[in-house]
Amino acid sequence: MKTAWQQQCTGKIVERPRVSNQKTEEVLPDLNFSHGFQVGLFHSNSSAGRLAGILDYKGDAAEGKPYWQLSQWGCTHDLANAAFSRDGSVLRYDDGGKCVTIDVAKAEITLCIKGSEEYPRDSEGRVRERIDKLENWPHLLAEQTNVGYLLPHGLKRLTMSLDYEVTHCETHVDRKIYPEDINMHAGMFVWFLHLTDIDPESTSYLRSMWFGVKMFDTRFAGRTPAAEAGYDNGKEDSTGLFIFIPSLEEVARQPGSCVTLPSSVVAKRNTVQFDALPFLEKALMTARGMGAMTGAHVDGLRIDSTNIGWELMGNNDAEVKIYSINLVAGF
């Protein structure tokens, strides 16, 4: 039988309850986006905590401050001024360059971003490609900035779970005028955790890193993106933190994992479900070898934030439907 939050069609939004018991604990609150969204400014590191606005579903959002934020780094259209519409449990914001659609009765979210609108046009008014390595690129991310979850002693599993479909990804750039450079141009659908070492005895106390998975990358069309390890750089508001991304091909080989391969495919529903703990161990070992997180251990890490969505290092129009996302601690 469907519960109240799964049957809602009109009026105030009902929050999906969070599961928490002796065996499992859902780390992220508000998985049906019932409280609406904060909207970030266009530059991640220069906002100083300021916001572009709040999306409250025309007053129908559940009571209380939003847990989720929509980050629109490097964009030119502003979701804070987006047109809003509602059809039963389906709520939609569209600013002309980005569109976010939420079904609060299914806990689904669709993230659509048009590089053809978010990148400035060239002097002739044409859709152009990113031409400078230091030029920022458009993002559309659903983010929780205040997770604050300390990985507890006795934690047996940390399951990252995602059910998604990249419904389209295409470019409107004339390649005769703007040739593609795979070292600069890509459309990527990614999910990251921001982790901080909070062990006061550690040599890397209060140092942070990114751990994530990359589901889709235009450079790996029809295949699965490769693993990555290095430092976040390449644009003006880069964090400079160490980043570790295992390939989903490696993740799929882990006993108990459920991963659809290849992952970088348009119009195919995909699953990513795996225990992140062994990969966090590998991430820290790799980080130490590259001079980062030198004293960190998994049981001294805190998940500060998480974000999922699009990065358009190249000029693409792209959309993903996220049928479910979850981060579950198992004991």
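Okay, let's start with a term: a salt bridge is a side-chain nitrogen of Lys or Arg within 4 Å of a carboxyl oxygen of Asp or Glu. Keep that cut-off in your head, and remember as we go that what you see here is a predicted model.

Now find Asp103, in strand β7, which covers residues 98–103. What is the nearest side chain of opposite charge to Asp103? That would be Lys106, and Lys106 is 4.3 Å away. The limit for a salt bridge is 4 Å, and Asp103, although buried, has no salt bridge. So what does the side chain of Asp103 meet in a polar contact? Ser89, with the two side chains joined at 2.8 Å. If you leave out residues up to four places away in sequence, Asp103 touches Ser89, Val90 and Glu108.

Okay, on to charged pairs that do meet. The structure holds 17 salt bridges, and I'll show you a few.

Lys12 and Glu63 form one of them, with their closest N and O atoms 3.2 Å apart. This pair links distant parts of the chain, 51 residues apart. Lys12 is in the loop between α1 and β1, while Glu63 is in the loop between β3 and β4. How accessible are they? Lys12 is partly exposed at 40% relative accessibility, and Glu63 is exposed at 62%.

Now look at Lys98 and Asp95, whose side chains meet in a salt bridge at 2.8 Å, N to O. Is Lys98 buried or exposed? Lys98 is buried, with a relative accessible area of 1%. Asp95 counts as buried too, at 14%, because the cut-off for buried is under 20%.

One more: Arg219 forms a salt bridge with Asp217, and there the closest N and O atoms are 2.8 Å apart. Asp217 is buried, at 0% relative accessible area, whereas Arg219 is partly exposed at 26%. And these two have company: salt bridges that share partners join Lys214, Asp217, Arg219 and Glu228 into one network.

Right, let's switch to rings. How many aromatic pairs does a search of the whole structure find? Twelve. Take Phe192 and Trp210, which pair edge-to-face, 6.0 Å centre to centre and with 65° between the planes. They sit in distant parts of the chain, 18 residues apart: Phe192 is in strand β12, residues 187–197, and Trp210 is in strand β13, residues 208–217. Both Phe192 and Trp210 are buried.

Then there's Tyr231 with Phe242, another edge-to-face pair, at 5.7 Å centre to centre and 75° between the planes. Tyr231 is in strand β14 and Phe242 is in strand β15, so this pair ties together parts that are eleven residues apart in sequence. Here the two partners part ways on exposure: Tyr231 is partly exposed at 35% relative accessible area, but Phe242 is buried at 1%.

Rings can also gather in a group. Tyr164, Phe189, Phe216 and Trp310 form one aromatic cluster, so go and find those four on your screen.

Last one, and it brings charges and rings together. Which ring does the charged end of Arg269 sit over? The ring of Tyr323, with the charged end 3.6 Å from the ring centre.

To go back to where we started: Asp103 is buried without a salt bridge, but its side chain has that polar contact with Ser89. Okay, that's me done, thanks!

Methods: Residues numbered from 1 in each chain as written. Predicted model: local features only at pLDDT ≥ 70, side-chain atom pairs only at ≥ 80, totals over all residues. Heavy atoms only, no water. Helix = DSSP H or I, 4+ residues; strand = E, 2+ residues; numbered from the N terminus. Buried < 20%, exposed > 50% of the residue type's maximum accessible area, 1.4 Å probe, protein only. Lys, Arg positive; Asp, Glu negative; His and termini not counted. Polar contact = N/O pair within 3.5 Å; in protein donor to acceptor, adjacent residues only side chain to side chain. Contact = heavy atoms within 4.5 Å. Phe/Tyr/Trp six-rings, centres within 6.5 Å; stacked < 30°, edge-to-face > 60°. Lys NZ or Arg CZ within 6 Å of the ring centre and 35° of its normal.
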